[in-house]
Amino acid sequence: MLSEKHISIVKSTIPLLESAGTAITEHFYQRMFSHNPELKHIFNLSHQHSGGQPAALFNAVAAYAKNIDNLGALSVAVERIAHKHTSFNIQPEHYPIVGHHLLETLRELAPDAFTADVEEAWGAAYGVLAGIFIDREATLYHKSATEIGGWQGAREFKVTEKTPESELVTSFVLTPVDLKEIIGFESGQYLGVRVAPTGHEYQEMRQYSLSNKHNGQDYRISVKKEAIGTPGVVSNYLHDSVNIGDILEVFPPAGDFHYVERNAPVVLVSAGVGLTPMQSMLEMLASKECPQPVFYLHACEGVEQHSFAKRVETLSSQLNLQHHTWYRDIANPSEFESNANVQQGFMNLAALKSTLPIEDGDYYLCGPVAFMQFAKQQLLTLGVANGRIHYEVFGPHSEL
């Protein structure tokens, strides 16, 4: 339990945190990995190199300090992070390690300000936050382990299909080696996958959105191959080295971003490989013969990188579906002259204002953060209520 003194002291350190910025979290990760290198098997090292993870942790620490007397304001972030933690198989014993290195980081970077009172306050504050995550994650683990077809920890799955969906995206169908039933999932959720890429010292864990509806027998993930020189160790390993018959370690479905039935029109907005959870939603809606209008809005580089295009056309006959596509580059514009649903350039939602369900639709967004910020701002400008816009961010948690 935090005392008023603890709360006051933690809030008093906010200017110090903001002045130090991500130097705090960069030092924290360097320190933790130096003293506990075994944690490199869990953390996404590509996000460390890109700076995404230190920035996300700094934002989380700063937000916690600012809202320490109103933790309800953090409930959405806590839920999203807790789901991500379960897909990394984070356990209660990991929290004291993280807490120790966080406090030591503050001591080393701000020795004059890190008094005994500050240490006590931040120690207590971290303990409360760790307890919140441990309790929530325990509930999620229990749910995954006790439902029909569920499990906890890693389970072996065999790659039974490997199918190119476009120039860069390939789908992998994963079937449990034990051939037993598998737990269901909500369309929009993801799987945690653990592999040991050749030539890498540490195991790598990643999350990939499920791209099909649940069928009780297998899962499908659709993975983008990354350009050389970008952080795509696992994605490229799956493309280049994993084939039909190979075994992957898989963690139960997780994620707080998913379709919620509200008896309202549905608008799916995506860019690039962000269409994977949208494809799952489309497949699910079609299987349930959803009577509500469905809008599928997608942007990508060009025709060659447009995954599931033919499948979406097929689903159009099973749904009350309108779909619109924006290609950044069209090599042969005459090919689409007669297709009013295909545009060149950036996604422009204003052109669809008279068509979209502005007041009563539910909007689901997925893609690069910059794209989602761009799309969300357009929706807000059109008059869509913020509470009707739901989104998924690849990688470290961040707000739009």
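Hi everyone, let's start with Val128, which is found in helix α8. A quick reminder before we go on: this is a predicted model.

So, is Val128 buried or exposed? It is partly exposed, because its relative accessible area is 23% and buried would mean under 20%. As for the company it keeps, if we leave aside the neighbours within four places in sequence, Val128 is in contact with Leu2, Tyr64 and Leu71. Tyr259 is another matter: it lies 131 residues from Val128 along the chain, and their C-alpha atoms are separated by 31 Å.

Let's stay with α8, which spans residues 116-146, and bring in helix α1, residues 4-12. The two axes come within 9 Å and cross at roughly 105 degrees, which means that α1 is roughly perpendicular to α8. Which residues of α1 make the contact? They are Lys5, His6, Ile9 and Val10. On the α8 side you'll find Asp117, Val118, Glu120, Ala121, Trp122, Ala124 and Ala125. Sorted by class, that contact has seven nonpolar residues, three charged and one polar.

Now over to the strands. Please find β1, residues 155-164, which runs antiparallel to β6, residues 247-254, with four bridges joining them. One pair to look at there is Lys158, whose bridge partner in β6 is Ile247.

β1 also pairs with β2, residues 169-176, again in the antiparallel sense, over seven bridges. Here Lys162 stands opposite Phe172 of β2. How many residues sit between β1 and β2 in their hairpin? There are four.

That's my tour, thanks for listening!

Methods: Residues are numbered from 1 along each chain as its sequence is written. This is a predicted model: local features need pLDDT of at least 70, side-chain atom pairs count only at pLDDT 80 or more; totals for chains, interfaces and linings use all residues. Side-chain values use heavy atoms; hydrogens and water are left out. Axes are lines fitted to C-alpha atoms, for helices over the stretch in contact, and angles run from 0 to 180 degrees between N-to-C directions. Helices (H or I, at least four residues) and strands (E, at least two) are DSSP runs, numbered from the N terminus. Angles under 35 degrees count as roughly parallel, over 145 as roughly antiparallel, 65 to 115 as roughly perpendicular and the rest as oblique. Contact means heavy atoms within 4.5 Å. Ala, Val, Leu, Ile, Met, Phe, Trp, Tyr, Cys and Pro count as nonpolar, Asp, Glu, Lys and Arg as charged, and the others, Gly among them, as polar. Two strands pair if DSSP finds at least two bridges between them. Buried means under 20% relative accessible area, exposed over 50%, partly exposed in between (1.4 Å probe, protein chains only).
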